[in-house]
There are 4 protein chains.
Amino acid sequence: MERGERLKRLKSIEGHVRGVERMVEEGAYCIDVIRQIQAIEAALKKLSLGILNDHLHSCLITAVQGEDSAERERVLSEVAEVYAAAARA
Amino acid sequence: MERGERLKRLKSIEGHVRGVERMVEEGAYCIDVIRQIQAIEAALKKLSLGILNDHLHSCLITAVQGEDSAERERVLSEVAEVYAAAARA
Amino acid sequence: MERGERLKRLKSIEGHVRGVERMVEEGAYCIDVIRQIQAIEAALKKLSLGILNDHLHSCLITAVQGEDSAERERVLSEVAEVYAAAARA
Amino acid sequence: MERGERLKRLKSIEGHVRGVERMVEEGAYCIDVIRQIQAIEAALKKLSLGILNDHLHSCLITAVQGEDSAERERVLSEVAEVYAAAARA
């Protein structure tokens, strides 16, 4: 996922958040607001998956094939960390 | 959670999304971007919980105490539905 | 979801866990083990959704229509609490 | 996380599931059952995180440092896949 694509998605998410602000200002029904918030969460998850996928295929390969074992350990730990946060483990 | 508080949080989330856009534009490290996205998701979850809590203590009480059994069923189903979406059940 | 159905699903989940134990004993591939663990989680989520749905249509209605405001508050708070746990809010 | 530790945790989870079966047989309060189910899910998530961590530090390193680019791609895709399932992306 290229930088342009990431930005496009973030802009779309930002617009979605502003849409929810308008809903709240207009006194929209609670459940409809929650549904929109959940849709934004889903879009964020897809974006983070795309970024992780790129990360695995670039930085992680470089680090794991490199000579620096501390750097390799750092990159592997980060992947485990974002997995843990995603799973809320 | 009052309307003002909901809006304040949404504005904060919107600002957070714009902050991530800047990070992406500046070529920030993938894992740092993912961490910020996960922080935004956490803020959205807290907001939806606050809204659901209000909903339970207002609309749901009214519907469950009311005479209209179809309306009661609708409101209870919606709570189950947002739970399912939150749990990704 | 009747008690019999809940038990049936729990027995199935218990069998699934034992299947994963065998996989681990036999040195199965890590990713295959993780996939099975994620499948068990999905089955647990569906079960908890079924139980919550029943709860909303029985205990919650009774409590919300009842005279005891402390009991009503307790039941509504519990629903918010399990939603928060499901969402990891 | 060694095989012995993985098995120990799975046995503990299996016992937890049987405990929930007893709760259901004895007609325990719905919310208490849901709380126990959520506790089992949390234990499963911690286990899958431990296994993923091991996987990153063994199979993934081997595959990424190896000559077989198809194998490398397969292993990286699997990590993205379990992340997606954990995030429900």
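Here are a few short exercises with worked solutions on the structure above.

**Before you start**

This is a predicted model, in which local features need pLDDT of at least 70, side-chain atom pairs count only at pLDDT 80 or more, and totals for chains, interfaces and linings use all residues. Residues are numbered from 1 along each chain as its sequence is written, chains are lettered from A and ligands numbered from 1 in the order in which they are written, and side-chain values use heavy atoms, with hydrogens and water left out.

**Exercise 1. Find which rotation superposes chain B on chain A.**

Step 1. Copies are superposed by least squares on the C-alpha atoms of residues with pLDDT of at least 70 in both.
Step 2. Chain B lands on chain A after a rotation of 180° with 0.0 Å of shift along the axis, at an RMSD of 0.0 Å. That is the relation of a two-fold axis.
Step 3. Now look at contacts, meaning heavy atoms within 4.5 Å. In chain A, 100% of the contact residues of chain B recur, and the same surface serves both copies.
Step 4. Try chains A and C: a rotation of 180° with 0.0 Å of shift along its axis superposes chain A on chain C, with RMSD 0.0 Å. Of the residues of chain A, A:Arg88 comes closest to that rotation axis, its C-alpha being at 3.4 Å.

**Exercise 2. Count the disulfides over all chains.**

Step 1. A disulfide is a pair of cysteine sulfur atoms within 2.5 Å.
Step 2. By this rule, the count over all chains is zero. B:Cys59, for example, is in no disulfide, and its nearest cysteine sulfur belongs to A:Cys30, 4.6 Å away.
Step 3. D:Cys59 is in no disulfide either; there the nearest cysteine sulfur is that of C:Cys30, at 4.7 Å.
Step 4. For accessibility, buried means under 20% relative accessible area, exposed over 50%, and partly exposed in between (1.4 Å probe, protein chains only). B:Cys59 counts as partly exposed because its relative accessibility is 26%.

**Exercise 3. Decide whether B:Ser48 is buried or exposed.**

Step 1. Locate B:Ser48 in helix α2 of chain B; helices (H or I, at least four residues) are DSSP runs, numbered from the N terminus.
Step 2. B:Ser48 has 1% relative accessibility, so this residue counts as buried.
Step 3. Leaving aside residues up to four places away in sequence, B:Ser48 touches A:Ile34, A:Ile37, A:Glu41 and C:Tyr83.
Step 4. Compare D:Glu78, in helix α3 of chain D. At 7% relative accessibility, D:Glu78 counts as buried. Among its contacts, not counting residues up to four places away in sequence, are C:Tyr29 and D:His55.

**Exercise 4. Describe the largest nonpolar core.**

Step 1. A nonpolar core is a set of buried Ala, Val, Leu, Ile, Met, Phe, Trp, Tyr and Cys residues joined through side-chain atoms within 4.5 Å.
Step 2. The largest one has 123 residues, and those with the most contacts inside it include A:Leu60, B:Leu60 and B:Tyr83.
Step 3. Zoom in on B:Leu60: beyond residues up to four places away in sequence, its contacts include B:His55 and B:Val75, as well as C:Leu60, C:Val64 and C:Leu76.
Step 4. In soluble globular proteins, nonpolar side chains tend to be buried together.

Definitions and conventions: Helix = DSSP H or I, 4+ residues; strand = E, 2+ residues; numbered from the N terminus.
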